[in-house]
Every structure is written in structure tokens, then in C-alpha cells.
Amino acid sequence: MTVKFINKSNNPLPKYESTQAAGMDIRCNIAEAVTLQPLERKLIPTGLFMQLPEGYEAQIRPRSGLALKRGLTVLNTPGTIDSDYRGEVGVILINLSNEPQTIEPAERICQMVIARHEQPEIVQVEELDETERGAGGFGHSGVK
């Protein structure tokens with residue numbers, strides 16, 4: 001499987017930071033630092049355009065270190081990039097901390113996971129098969 005990129009930034013292409021990493025780090029493509037105030041969100045450009053094989057998606061996810069240490073996360077996580085999208089990859093970052101957070105040029109702002117997916121046949125029915133869980137929803141199984 002091959003993913004093709006056009007890179008309109010001066011940053012390196014996305015890469016895996018360890019041999020068993022599921023996600024590759026994505027860097028921002030900004031000329032100047034951007035500061036997010038508490039609860040502020042912004043679309044951050046990456047300078048990346050890509051072509052995924054049919055049957056694959058790219059999932060944009062937060063970087064755990066940014067989330068824990070600085071309160072920065074990806075707002076619509078995971079964000080999905082479909083295989084037929086050819087525009088620039090943008091990342092919606094939000095500052096959930098109590099202090100302003102500054103994103104520096106070329107900073108690693110998120111990770112991207114490439115995953116297979118299917119489009120199932122959608123069928124309307126009158127009833128669903130019974131299961132042990134049934135309609136048990138949020139918290140129905142307890143906490144211990």
C-alpha cells in the first residue's frame with residue numbers, strides 16, 4: 001500500500017517516530033507562531049496534500065504529550081480524511097488549558113493513522129437480532 005503526498009511546506013514528510021508506531025506525526029505549516037487562547041480553536045494548515053488508496057482513510061488524532069502537558073487537542077477526533085479528498089490537510093486544534101498556548105512553526109501538532117475501511121450495504125429492517133446486552137446503554141455494565 002502506498003500513500004502519495006504533495007508537500008508544499010518546508011517540513012519533512014510525515015513519519016513514524018518509532019518502529020511500532022501506529023501513527024505518524026504531522027507538522028504545522030505556519031510562517032509565524034500562532035497562539036490559542038483558552039477554549040479557542042483554529043484550523044492549522046499542514047502544507048500536505050495526499051492520495052490514499054481506495055478503501056483507506058487517514059485518521060487525524062491528538063498527540064498525547066500535547067494533550068497532557070499543554071491541553072492542546074484535535075477538536076473533531078478522530079478527524080477522517082477520505083481517499084477521494086485532494087485538498088490540503090488541515091487540523092482543528094483547540095486549547096483546553098487555562099493558559100494561552102503557542103504553536104511554533106514546524107511543530108508536531110497531531111498524528112495520522114492510516115486505516116482500512118469498508119462501505120457496507122445498508123438495509124432497513126423491522127427488527128434486530130437479540131443479544132445478551134440488548135439496549136443497555138451508557139454505564140449499564142457498572143464500573144467494577
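Start the tour by selecting F138, which counts as exposed because its relative accessibility is 91%, above the cut-off of 50%. Keep in mind from here on that the structure on your screen is a predicted model. F138 sits in the segment after β11, and if you also select I109, you will find that the C-alpha atoms of these two residues are separated by 32 Å, although they are 29 residues apart along the chain.

Stay with I109 and move to the interior, where I109 is among the residues with the most contacts inside the largest nonpolar core, together with I44, I60, L93, I103 and M112. This core has 25 residues, and the elements giving two or more residues to it include β5 (41–51), β6 (56–61) and β9 (88–95), while β11 gives the most, with 4 residues. In soluble globular proteins, nonpolar side chains tend to be buried together.

Next, select R108 and E17, whose side chains meet in a salt bridge at 3.9 Å, N to O. R108 lies in strand β11 and E17 in the loop between β2 (15–16) and β3, so this pair ties together parts that are 91 residues apart in sequence. Now add D25 and R63, which form another salt bridge, at 3.6 Å, and you will have the network of salt bridges that links E17, D25, R63 and R108. Is D25 buried or exposed? D25 is buried, because its relative accessible area is 11%.

Finally, return to the segment after β11 and select E126, which is exposed with a relative accessible area of 78%, and then add E127, D129 and E130 to see the negative surface patch that these residues form with E126.

Conventions: Residues numbered from 1 in each chain as written. Predicted model: local features only at pLDDT ≥ 70, side-chain atom pairs only at ≥ 80, totals over all residues. Heavy atoms only, no water. Patch = residues over 30% accessible without salt bridge, like charges linked within 9 Å, V, L, I, M, F, W, Y side chains within 5 Å. Areas by Shrake-Rupley, 256 points an atom, 1.4 Å probe, with all protein chains shown as cover. Salt bridge = Lys/Arg side-chain N within 4 Å of Asp/Glu carboxyl O. Lys, Arg positive; Asp, Glu negative; His and termini not counted. Charge placed at Lys NZ, Arg CZ, Asp CG, Glu CD. Buried < 20%, exposed > 50% of the residue type's maximum accessible area, 1.4 Å probe, protein only. Core = buried A, V, L, I, M, F, W, Y, C linked by side-chain atoms within 4.5 Å.
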